[in-house]
Amino acid sequence: MDTTIETMTLEEYKAKQKEYKRKYYLKNKEKIQAKNKAYYKKNNEVIKEWRVKNKQKRDENNVIYRELHKQKIALKSKEPYYCDCGSISTYSSKYAHFKSKKHIDFIKKKKN
Ligand SMILES: [Zn+2]
């Protein structure tokens, strides 16, 4: 049975839209990327200015976010992180682990 726009649920509709956008992006990837690049090039100064202007606000938001989610972040950082290389570390030490010999060796092997 074919689902038409009248019979599908909102979730189905959203999924379909998402899929359509993804396909469109894949098909027009180069065109879209070139367009974005041109846009950034053209508006480079404006974007830079905007970033500087909003930096303080962003920093403030980050502080607020961290304050609000302190417990959640603390819990998350203690959660085990299962790495592809077979190691188990925690979320807080994830980046330190990425620099470890075992992990780097694993990445090297994977590439070969
Ligand atoms: Zn690893």
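This note goes through the predicted model point by point, from confidence to a single loop residue.

1. Confidence. The chain has a mean pLDDT of 90, and 97% of its residues reach 70 or more. Helix α5 (residues 94–98) has the highest confidence, at a mean of 95, while helix α4 (residues 70–78) has the lowest, at 89. As a general caution, predicted coordinates should not be read in detail where pLDDT is low.

2. Secondary structure. The chain holds six helices and two strands. Read from the N terminus, the order of elements is α-α-α-α-β-β-α-α.

3. Overall dimensions. The radius of gyration of the chain is 22 Å, against a value near 13 Å for a compact globule of 112 residues. The C-alpha trace spans about 50 × 50 × 40 Å along its principal axes.

4. Burial and contacts. Of the 112 residues, 0% count as buried. The contact pattern can be put beside this: taking contacts between residues at least 6 apart in sequence, 0% join residues at least 24 apart.

5. Domains. The domain assignment splits off domain 1 (9–68) and domain 2 (79–112). Over C-alpha atoms, the centres of domain 1 and domain 2 are 30 Å apart.

6. Helix α1 (residues 10–27). The 18 residues of α1 should span 26 Å at 1.5 Å a residue, and the end C-alpha atoms lie 25 Å apart, so the two values agree. The number of buried residues in α1 is zero, and therefore this helix lies largely in the open.

7. Helix α3 (residues 44–68). For the 25 residues of α3 the expected span at 1.5 Å a residue is 36 Å; the end C-alpha atoms are 34 Å apart, which agrees. Note that α3 nevertheless bends by about 45° at N54. Coverage is also slight: α3 is hardly covered, with a count of zero buried residues among its 25.

8. Residue E79. This residue sits in the loop between α4 and β1 (80–82). Is E79 buried or exposed? E79 has 10 other C-beta atoms within 10 Å, and a residue with 12 or fewer is classed as exposed, so E79 is exposed. Leaving out residues up to four places away in sequence, E79 touches T90 and Y91. Between E79 and R51 there are 33 Å in space, C-alpha to C-alpha, and the two residues are 28 apart in sequence.

Definitions and conventions
Residues numbered from 1 in each chain as written. Predicted model: local features only at pLDDT ≥ 70, side-chain atom pairs only at ≥ 80, totals over all residues. pLDDT = per-residue confidence, 0-100. Helix = DSSP H or I, 4+ residues; strand = E, 2+ residues; numbered from the N terminus. Domains from an automatic or database assignment. Expected span 1.5 Å × (residues − 1). Buried ≥ 20, exposed ≤ 12 C-beta atoms within 10 Å, placed from the backbone. Bend = angle between axes of the 7 residues up to and from the residue. Rg over C-alpha atoms; globule rule 2.2 N^0.38 Å. Contact = placed C-beta atoms within 7 Å.
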